[in-house]
Each structure stands twice: as C-alpha cells, then as structure tokens.
Amino acid sequence: MINSSSSNECSPSPKGDDFLLELADEVSKRRNFAIISHPDAGKTTLTEKLLLYGGAIQQAGAVKARGEQRKVTSDWMELEKQRGISITSTVLQFAYGNTTINLLDTPGHQDFSEDTYRTLAAADNAVMLEDAAKGLEPQTRKLFDVCRLRKIPIFTFINKMDRPGQDPLTLIDEIESELGLLTWPVNWPIGSGEQFRGVIERSSREVFLFSRAERGKQSIEKRLQLNSNELNGLVEEELLNKAIEEIDVLDEIGAGMDMDLVHSGDLTPVFFGSAMTNFGVKPFLDTFLDMAQGPVARSTNDGPISPINPNFSGFVFKLQANMDPRHRDRVAFVRVCSGRFEKDMTVRHARTGKSIRLSRPQKIFGQDRAVVENAYPGDVIGLNNPGMFSIGDTLYTGPRVEYEGIPCFSPEIFSWLRNPNPSAFKNFRKGVNELREEGAVQILYDTDQSKRDPILAAVGQLQLEVVQHRLENEYGVSTLLEPLGFQVARWVEDGWQVLEEIGRIFNCKTVQDPWSRPVLLFKNDWNLNQLKEDHPNLRLSAVAPVVSGVDPITL
Ligand code: G4P
C-alpha cells in the first residue's frame, strides 16, 4: 500500500529498553558475506558444504548434483540451468550454532559482474576463493578491486589442495605483491596433490590430517598435536619438516595477526583446504565467524548510521523480475542496515517521499520463499516491487536518511535492440523497462526521438543474450540485436550545454541515458583521449552519476 505524504519524517513506533537489548543481541549474532571467485574455483561446492553445516540442506549434492540432476539451489533461471552458470545472485540465510549467516551468492561469470558489484555493496565481508593450481585469476582480481574500494574484509580460502597445486609460498606471495594485501595463513599445508597430508593450524600447532576418500565422498578429519608420536608413520617426516620450516619463515618475516587490519581490508587471513572432499571447511567456517565483522555502520547523506540505531533503515541493492515464472512477480532485495524490520510496518521511500506499508516481505532461499516477520541488520529481505523501487533506494523510519547510491559500471558493449513485430510493442516496452529497472542491462537512447529503439549497454556479451532470452520467455517478444561498433562510454558531467558549446565531435556518437543525460560513445580509448586532449576542461565520467529524486524516462 503506497501513500504520499509531505513530511520527510516517518514516525517509528516507540522503542523501550527491551527492544534495544534485543536489537543489540540480534546484531551481534549476524554475519554476512559474499564469495568472490573465478568460475570453476569451487564456489558452488564450498557454498554447498557451508549450507550442510548450517543444516540448511540435508545432503551433499542438493546444491549441485552431477549429470542429469545438475541443479543449483541458488540458480533458478532456465537459462542458468541450460548453461550451467550462475547468472544472478541469491541470498542464502542459515543458522550455525548461535550465528545467523547471510551468504550473498554472486554470479561467477564475468559478463554478470555488474550484479556482483551491486551485491558486494550489501556485504560486510568477502571470502576470496582461489584454485590452488591457478592462483589469482582475472575475475577474482576484478572483484577484489571492488572489495578494496569498499574496504571489505577479505578471507582467502585456497581450494583444491587434494590436487597438484602451486607452491603455497608462491600463492601467498602473489596475493601480497599483486593485490597489495598482507596475508596471515591460519593454517599451512603439509604436501600437496597426491602427497597432500593435511594442514597445521598455526595458533594451536595442531595437525588436521587429510585422508583421501573416494571422489565426492567426505574426507575424515583427524586431529593430532604436532609433537604427537602418532604422527610418525602417518605423515612423511620430510613433508612435515618442510611445512614446519615454512611456518617458521612465516613467523619470522610474515605479517602478524592484527584484527584491525583484517577489518579495514588490509590483511587477509588465509585458509588451505578442499571443498569437494570437505577438508578444512568446518575449521574455516568456525574461524571465519570468529574473525568476520558483524553488521557495520553504513554511510548516509547524514553520516554513518549504526546498526543498533532503533529506527529501521535499509537500501535496495538488487531487483529481479519474474523470479517465479508462475507468479510473474518482481522482487526488490533490501539489505537491512539499522533497527528491526517488521512485517506490515510503514516505511518512507527516500527518493519519492512516499509512505509504503510493507505487507508481504519475503525471505528467499534459492527457489523457496517464506513470509518474514522480522529482520535485523545484516539480513536481506525480498519485497514485492510494484515498479517503485530502483537500485540504491533507501527505506527508513524516523528521521530522513539516504544511503550512498550504488553506481552503474561502465558498459563496454552496445547494441540496438530491435523489435521486428510492431504488434508486440506493448510487451517489448514492458520488458525493456522492467529489465532496465532491475539492472539486468543499462539502456541508452538515440538523441533523435524518431529512432525510438533502445540501445542496450552491457559489461559482457552474455548479458545481452540473457536480455533477449528473457524478453522471449518472460514477455513473449522475439528481438534482434544489431551491434554498434563502440567500446567506451563516458557521461558528460556538465550536461548538454557544454556539448553544444563544443560542437561536432568526430569519431563519437552522442546518446542519452534514461535520465536524459548526455553519454558519449567511442570506438576505442584512443578516440576518447583525443577528445580529452582537445577539450581538457570537459569533465567525463566512466560511470553514470547516481541519480536521486528523479524518475527515469521509459520507452
Ligand atoms: P564454481 O561454482 O566456482 O564455478 O565451481 P564448482 O563448485 O562448480 O567447481 C568446479 C569444479 O571443481 C567441479 O568439478 C568441482 O567438483 C571441482 N572442485 C571443487 N572443489 C574441489 C576440490 O576441493 N578438489 C577438487 N579436486 N575438485 C574440486 P566438475 O568436474 O566441473 O563438476 P562436477 O562434475 O564435479 O560437478
């Protein structure tokens, strides 16, 4: 239910001491994180193991089965199933001991990195997953850069230790020298590949022995003290001594453990393990939950807001249409930042100033959903979106607040989207507008009003194919893509007036974004640099400036 109201204040219900204690307690129990990795590093496998510990799924393989059964709990789109890649992110909430964990699932494929960037805006911690044989890979580096920008604490899990991999010191050195992150290995491997025998936990000096199980079966973890006689005969002396020597080197020349540096995103605790054989996953989870930061204060136009502020606030970080094709629904995912979210509460929508009663909030777990009664900072709720929410929107009770927006990333691929069938225009328009709104793709328009076809602007080619596929399957419209030969987009910060003063720009196409702002498209960086040389005062931005308080133009 949506009402307009003139005051910016949205009166909260009175909150007593009991409420404040409950809020502080719930906040202290919450941990939220996203996994960043390159495709194939083992994110799905690790997610499955983590969910098993939380009892969120009952059996291994429920998240991802082999062969015909191959299906990912967090993957629900037809196209995703067909291609076996994870396109859109989902939130998986589960309890582990006393902790409520929110795992923000992110797509691994680089063509969908925009979605991942937005999800990272809602994350308090990130787990960087590496394949021990491959080390840092391109997509991991890209996502790491976003974590760095946001100063998100990063925990590194070096996976597939049961297979031949790179030397562990080389892997550590690569993180330090290429990402500029300090490292603190929490455990250290004994041997690798066929000779992988387990890990030594540095703080306790305990050995966690790895026993090779059949493919897909769980390895049994046995723990022994490093000085235990039982170790002789179980681990080759040479391998053990090498691991101990390497730990000595780390103790001498490596960084010390410093939780402040972990929380500022400058030092990454490193864990070695094997998700597939479930080796080292539980110790990782336990230590991670110990070290990870809880829900943090987040920046608003009025300074940071603490999660234990009694007034509810949160922001929309993701929109998704037609999650459930049977219901044709549209869902806005909101990260709760402060206070307690309550079903049926009335909140204020900061961008429009409207009051909204949130009557059907949902908790979404893969394909399943349930009505949420309450949610706390660090949690994510799904709201039915009748078309009023945009990415970055703030919802609040109490005094007006607005969280920092989430920028769109610079598109690199541009294509006309043609609708060859005029009688399908209504559906075409609906589909384009909804997919733009959920951020599946950015939309630009020609400055010539008579050319009303939209230009799709994407980070990766697959993103365009998904839009076409969804238009066909969800809106019943077949479309054609007609590529434009541009690769670089720049927003003109000072608007149309400046462009008029410059006059004609060669090797460049001027288009407009949905907020009628000028965008210049170039074939390459060389053409862009030429314009910058000719007009040094022209202010250009690679990402669309965040808009507030204005509705976009639609098709
Ligand atoms: P992703 O989501 O990051 O893309 O990776 P995913 O979990 O799908 O894992 C990619 C492949 O790596 C899978 O093999 C998976 O079984 C394997 N894998 C994951 N963790 C480990 C590990 O610790 N050790 C070893 N040896 N392999 C691991 P696949 O053959 O592509 O698929 P599947 O037939 O096993 O499902």
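Helices (H or I, at least four residues) and strands (E, at least two) are DSSP runs, numbered from the N terminus. By this reckoning, the protein chain has 13 helices and 32 strands. The model is a predicted one, in which local features need pLDDT of at least 70 and side-chain atom pairs count only at pLDDT 80 or more, while totals for chains, interfaces and linings use all residues. Residues are numbered from 1 along each chain as its sequence is written, and side-chain values use heavy atoms, with hydrogens and water left out.

Of the 555 residues in the protein chain, 55% are buried (under 20% relative accessible area, with exposed meaning over 50% and partly exposed in between; 1.4 Å probe, protein chains only). Contacts (heavy atoms within 4.5 Å) often span long stretches of the chain: among those between residues at least 6 apart in sequence, 71% join residues at least 24 apart.

A good place to begin is helix H4 (residues 113–121), which holds Arg 118. Arg 118 is buried, with a relative accessible area of 7%. Leaving aside neighbours within four places in sequence, Arg 118 is in contact with Phe 317, Ile 391, Ile 406, Glu 438 and Gly 439.

Helix H13 (residues 525–534) comes next, with Asn 527, Leu 528 and Leu 531 buried. Seen down the axis of H13, the buried residues fall within an arc of 100 degrees, so they line one face of the helix; the arc is that of the directions from the helix axis to the C-beta atoms. The cover over these buried residues includes strands S29 (488–492), S31 (518–522) and S32 (540–541). Trp 526 and Glu 533, on the other side of H13, are exposed.
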